[in-house]
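Here are a few exercises to work through with the model open. Try each task before you read its solution.

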Amino acid sequence: MIRASDLKKHFHDSKRGVVRAVDGVSLECNQGEVFGILGANGAGKTTLLRMLSTILKPTSGTATIAGWSITEQPDKVRSSIGFMSTTTGLYARLTAREMISYIGSLYGMSGRELKAKVDEEISLLQITEFQDRLCDKLSTGQKQRVSLARTVLHDPQVLFFDEPTAGLDVVASKTIMEFIEQKRDQGKTIVFSTHIMSEAERLCNRIAVIHNGKVAAVGTFGELREMTGEERLDHVFLKLIERAEAAA
């Protein structure tokens, strides 16, 4: 479902010169798995996801999403994905239902098809109680449910979650974790970026550890533990980062 080869994104900073935010990342994500992108803040996780979702153009390298090129067929890629982070915006003056319907219309849905899909997501995500409330009057957890609905309304094959629980309370985080598990069980391809070890351990089938824009290691938990000789995921992560630093 996702194939990336030597993806790079370099920025120019007046003080630091060339900043290599992503510096030669290659990876593959398969259908029906949650692929974790694990790294500290500033490691390059968000920049990588923004390239894969066509928000940013890569400096060099290639990637395909569901068979579509991120550089040559970006419209096809966008129609095949859903993207959510803690900063996913909701329009304050729209109700929850209006917000979800508006996003559906952007994906070309209308009439009975649109209403049926909106009704379905409102029911599944238990939005009915506050569907006619303005988005700026919703609680954080309620906003997250609306954001989840807008992310999956068009039934995308591939889902990107960029640190979706950052700053959320336990209840709101639990909703997102369960939702991702549900979509994984439905056969969706999911890329999940986080720096929270417990979330990665719960959700991810495989993990890529990113450090300074490069892939330090890729594997299942068992494989990463075998690589490092460590049991706890936070210890595994730190050992891999130490090795990446030493090799730099």
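**Salt bridges and a helix face**

Arg-16 is exposed (over 50% relative accessible area, 1.4 Å probe, protein chains only), at 62%. Before we go on: this is a predicted model, where local features need pLDDT of at least 70, side-chain atom pairs count only at pLDDT 80 or more, and totals for chains, interfaces and linings use all residues. Residues are numbered from 1 along each chain as its sequence is written, and side-chain values use heavy atoms, leaving out hydrogens and water.

**Exercise 1.** Which side chain meets Arg-16 in a salt bridge?

*Solution.* Look for a side-chain nitrogen of Lys or Arg within 4 Å of a carboxyl oxygen of Asp or Glu. Asp-13 fits, with N to O at 3.9 Å. Asp-13 is partly exposed (between the 20% and 50% cut-offs), at 24%.

**Exercise 2.** Are Glu-163 and Lys-45 buried or exposed?

*Solution.* Start with the contact: they form a salt bridge, closest N and O atoms 3.1 Å apart. The pair links distant parts of the chain, 118 residues apart, with Lys-45 in helix 1 (helices are DSSP runs of H or I, at least four residues, numbered from the N terminus). Now check cover: buried means under 20%. Glu-163 has 15% and Lys-45 has 3%, so both are buried.

**Exercise 3.** Where do the buried residues of helix 9 lie around its axis?

*Solution.* List them: Leu-233, Val-236, Phe-237, Leu-240 and Ile-241. Their directions from the helix axis to the C-beta atoms fall within an arc of 130 degrees, so they line one face of the helix.

Methods:
Helices (H or I, at least four residues) and strands (E, at least two) are DSSP runs, numbered from the N terminus.
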